[in-house]
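I am opening a fresh page for this structure, and I want to note what I looked up and in what order. My plan is to begin with a pocket and then follow the helices around it.

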Amino acid sequence: MSWFIGALKKYAVFEGRARRKEYWFFVLFYVIFALGLGLVEVFLGPEIYLDEAETFGLLSGLYGLGMLVPSISVTVRRLHDSGRSGWWVLIGLIPLIGAIVLLVFMVLESQEGDNRFGPNPKEAAAR
């Protein structure tokens, strides 16, 4: 949970690097909270939904909107950790292939030592 809170504290920081652990714990808690809000919306009934098909709820919509900038920033910092520009996040706009490429980038090991985006956070944590 501390990794999720740490990423939220740096919600608009697009500089520096984020290790795999920070990124994947952020994703884990993001999904857990989203599922929890979905369950709350189911129990609250159709009054909370914003469309006729009852697929888009008010709570999950606000949560997704609120988490948009933090999720982009942690993704950009994760790309920096592997030595890539943050602009690579735009490849996610390509259906299916973009998501697969981003997934591969997010799973790759950190670039050893310092890079143009800063020191390796994994090595700094080991000290």
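Entry 1, the largest pocket. I am working with a predicted model, and I looked up the residues that line its largest pocket, which are Tyr23, Phe26, Val27, Tyr30, Val31, Gly64, Leu68, Ser71, Ile72, Val74 and Thr75. When I asked which elements give two or more residues to this lining, I found helix H2, residues 20–44, and helix H4, residues 68–81. I noted a volume of about 170 Å³ for the largest pocket. Sorted by class, the lining has 8 nonpolar and 3 polar residues, and no charged ones.

Entry 2, the whole chain. I then stepped back to the secondary structure, which comes to 6 helices and 0 strands, so I wrote the order from the N terminus as α-α-α-α-α-α. The protein has 127 residues, and 32% of them are buried. I also looked at contacts between residues at least 6 apart in sequence, and 66% of these join residues at least 24 apart.

Entry 3, H1 against H2. I wrote down for myself that two packed helices are described by the angle between their axes and the distance between the axes. Helix H1, residues 2–9, packs on H2 at an angle of about 95 degrees, and their axes are 8 Å apart. Because angles of 65 to 115 degrees count as roughly perpendicular, I recorded H1 as roughly perpendicular to H2. On the H1 side the contact is made by Trp3, Phe4, Ala7 and Leu8, and on the H2 side by Lys21, Glu22, Phe25, Phe26, Phe29, Tyr30 and Phe33. I counted the classes in this contact as 9 nonpolar, no polar and 2 charged residues.

Entry 4, H2 against H3. How are H2 and H3 oriented to each other? I found an angle of about 160 degrees between H2 and helix H3, residues 58–66, with the axes 8 Å apart. An angle over 145 degrees counts as roughly antiparallel, and therefore H2 and H3 are roughly antiparallel to each other. H2 brings Phe29, Tyr30, Phe33, Ala34, Leu37, Val40, Glu41 and Leu44 to this contact, while H3 brings Leu58, Leu59, Ser60, Tyr63 and Gly64. The classes here are 10 nonpolar, 2 polar and 1 charged.

Entry 5, leucine 58. I stayed with one residue of H3, since leucine 58 is found in that helix. Is leucine 58 buried, exposed or partly exposed? Its relative accessibility is 36%, and buried means under 20% while exposed means over 50%, so leucine 58 counts as partly exposed. I also noted that leucine 58 and glutamate 41 are 17 residues apart in sequence, and that their C-alpha atoms are 8.1 Å apart in space.

Entry 6, H2 against H5. Helix H5, residues 97–107, packs with H2 at an angle of about 130 degrees, and the axes are 9 Å apart. I therefore recorded H2 and H5 as oblique to each other. The contact is made by Arg20, Tyr23 and Trp24 of H2 together with Leu103, Met106 and Val107 of H5. I noted 5 nonpolar residues, no polar ones and 1 charged one in the contact of H2 with H5.

Entry 7, leucine 96. My last stop was the loop between H4 and H5, where leucine 96 is found. Leucine 96 has a relative accessible area of 65% and is therefore exposed. I also noted its phi, which is near 60 degrees, a positive value in a residue other than glycine.

Notes. Residues numbered from 1 in each chain as written. Predicted model: local features only at pLDDT ≥ 70, side-chain atom pairs only at ≥ 80, totals over all residues. Heavy atoms only, no water. 1 Å grid on protein atoms, 1.4 Å probe; cavity = no way out; pocket = protein on both sides within 12 Å on 5 of 7 lines; lining within 4 Å. Points joined across faces, edges and corners; volume = space filled by probe spheres on them. Nonpolar A, V, L, I, M, F, W, Y, C, P; charged D, E, K, R; others polar. Axes fitted to C-alpha atoms, helices over the stretch in contact; angles between N-to-C directions. Parallel < 35°, antiparallel > 145°, perpendicular 65-115°, else oblique. Contact = heavy atoms within 4.5 Å. Buried < 20%, exposed > 50% of the residue type's maximum accessible area, 1.4 Å probe, protein only.
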